[in-house]
Every structure is written in structure tokens, then in C-alpha cells.
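Q: I'd like a close look at a single part of this structure, please. Pick one helix, walk me through it, and then tell me how the rest of the chain sits around it.

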Amino acid sequence: MLDHYKQQSLAIELIKRKARITLMQEVTGLPKKWLRQTFREYHGFPARSGDNKQSIQALTRTNKQYKEATAFAVCYRHAQLIVDQSDIDNVINAFDVFKTMHPASRLSFSETDVIIKELIANKIELTRCPVCNCWNLLRARMDQVERCGVCKEHIKAK
């Protein structure tokens with residue numbers, strides 16, 4: 001019974017952040033029907049279902065989007081330093097910190113899943129600029145030349 005309560009509590013936390021139903025079902029194991037009903041009751045409109053079909057390149061098209069994705073990646077890496085938390089708790093905390101820093105950001109909770117999966121698979125890399133020391137995501141943009149999002153200096157992968 002306690003496990004079911006934990007699943008439902010986690011689902012409510014994800015619903016608050018407007019996560020996709022597929023992601024919530026994957027993380028909690030709760031039925032999609034219950035998740036959809038609860039989402040509708042909480043927000044007053046239906047949830048978007050299905051997988052997040054965006055790629056990291058789609059999330060970093062503009063310089064503003066690139067900087068937001070980088071800021072979230074930094075928040076996520078710092079949240080991972082907290083040893084006592086589960087992976088989903090790290091994501092929730094990182095997203096909350098990111099939204100506190102960038103309340104006008106259009107980056108959604110479900111889109112952050114794309115960033116995290118790319119980081120874990122080492123398809124993108126979080127590194128610092130050698131000139132201005134700002135964080136940057138390497139291999140996250142369509143263009144092949146890696147440049148700092150702030151000072152435009154050329155960055156080499158480690």
C-alpha cells in the first residue's frame with residue numbers, strides 16, 4: 001500500500017510539472033487512464049500523450065534555446081551530486097531550480113528528458129569555455145563548429 005502511495009505522490013509531482021503521460025507511466029507504473037484523469041482534474045485540460053519527438057538539435061535551434069538547455073543541463077549535473085535522491089527526484093529538483101532561475105523559459109519538463117538522455121548517452125557534453133568559463137553543450141547544435149554561447153570563442157571537446 002505504501003508503494004502505491006509513493007507512486008501516486010510521484011505522479012502528482014510530475015503532473016504539476018505537466019510531464020507527458022508516457023513519461024509518467026514509465027516512471028510510476030500507474031495506468032495511463034488514471035494519469036490522464038488526474039492530469040485533467042489538476043489542470044482543467046487534457047494532457048499531451050505520446051513520446052517526446054523532439055531532438056536535442058530541435059531544442060537548441062536558437063541561441064536563447066541553446067542557453068536554456070545548457071542552464072538546465074548544469075542544474076541537472078548539480079542535482080546529481082545529491083547522493084540520497086533517486087534519478088527522477090534529481091530531474092524534478094533540477095527542473096524546479098531551472099524554472100526558479102528562468103521563469104519565462106518555454107523549456108518543458110518533458111523536453112528536459114531529451115537533454116538528460118543525450119547527456120547520459122554521451123551524445124552531448126557539458127563543458128566550460130576556456131576564455132569566459134561559461135558552461136556550454138557540445139554537439140547539441142546542428143552546425144559543426146562548436147562556439148561558446150556567450151563569447152563566441154571556439155571550444156574543443158575534451
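A: What follows starts with ground rules, moves to one helix, and then goes out to the rest of the chain.

This is a predicted model, so local features need pLDDT of at least 70 and side-chain atom pairs count only at pLDDT 80 or more, while totals for chains, interfaces and linings use all residues. Numbering runs from 1 along each chain as its sequence is written, and side-chain values use heavy atoms, with hydrogens and water left out.

The chain has seven helices and two strands, where helices (H or I, at least four residues) and strands (E, at least two) are DSSP runs numbered from the N terminus. In sequence order that reads α-α-α-α-α-α-α-β-β. The helix to look at is α5, covering 63–79.

Start with its length. The 17 residues of α5 should span 24 Å at 1.5 Å a residue, and its end C-alpha atoms are indeed 24 Å apart, so the two agree. The expected span here is 1.5 Å times one less than the number of residues.

Now for what α5 hides. Its buried residues include Tyr-66, Glu-68, Phe-72, Val-74, Cys-75 and Tyr-76; buried means under 20% relative accessible area, exposed over 50%, and partly exposed in between (1.4 Å probe, protein chains only). The cover over the buried residues of α5 includes α4, α6, α7, β1 (125–128) and β2 (135–138).

That ties α5 to the largest nonpolar core, which has 39 residues. A nonpolar core is a set of buried Ala, Val, Leu, Ile, Met, Phe, Trp, Tyr and Cys residues joined through side-chain atoms within 4.5 Å. Phe-72 is one of the members touching the most others, along with Leu-14, Met-24, Phe-109, Ile-115, Leu-119 and Leu-137. Each of α1 (2–16), α2 (21–28), α3 (32–43), α4 (56–59), α5, α6 (87–101) and α7 (109–120) supplies at least two residues of this core, and α5 gives the most, with nine.

Leu-119 shows the packing from the other side. Leaving aside neighbours within four places in sequence, Leu-119 is in contact (heavy atoms within 4.5 Å) with Ala-73, Tyr-76, Arg-77, Ile-124, Leu-126 and Leu-137.

What about α1? Glu-13 lies in that helix and counts as partly exposed, at 27% relative accessibility. The C-alpha atoms of Glu-13 and Glu-68 are separated by 22 Å, with their positions 55 residues apart along the chain. His-4 is also in α1; at 39% relative accessible area, His-4 is partly exposed. His-4 and Thr-28 are 24 residues apart in sequence, but 9.1 Å apart C-alpha to C-alpha.

Two backbone oddities are worth a glance. Most residues other than glycine have a negative phi. Lys-18, in the loop between α1 and α2, has a positive phi of about 60°. Arg-139, in the segment after β2, has one of about 65°. Lys-18 is partly exposed at 47% relative accessibility, and so is Arg-139 at 35%.

Zooming out, the C-alpha trace spans about 55 × 30 × 25 Å along its principal axes, and 41% of the 158 residues are buried. Among contacts between residues at least 6 apart in sequence, 48% join residues at least 24 apart.
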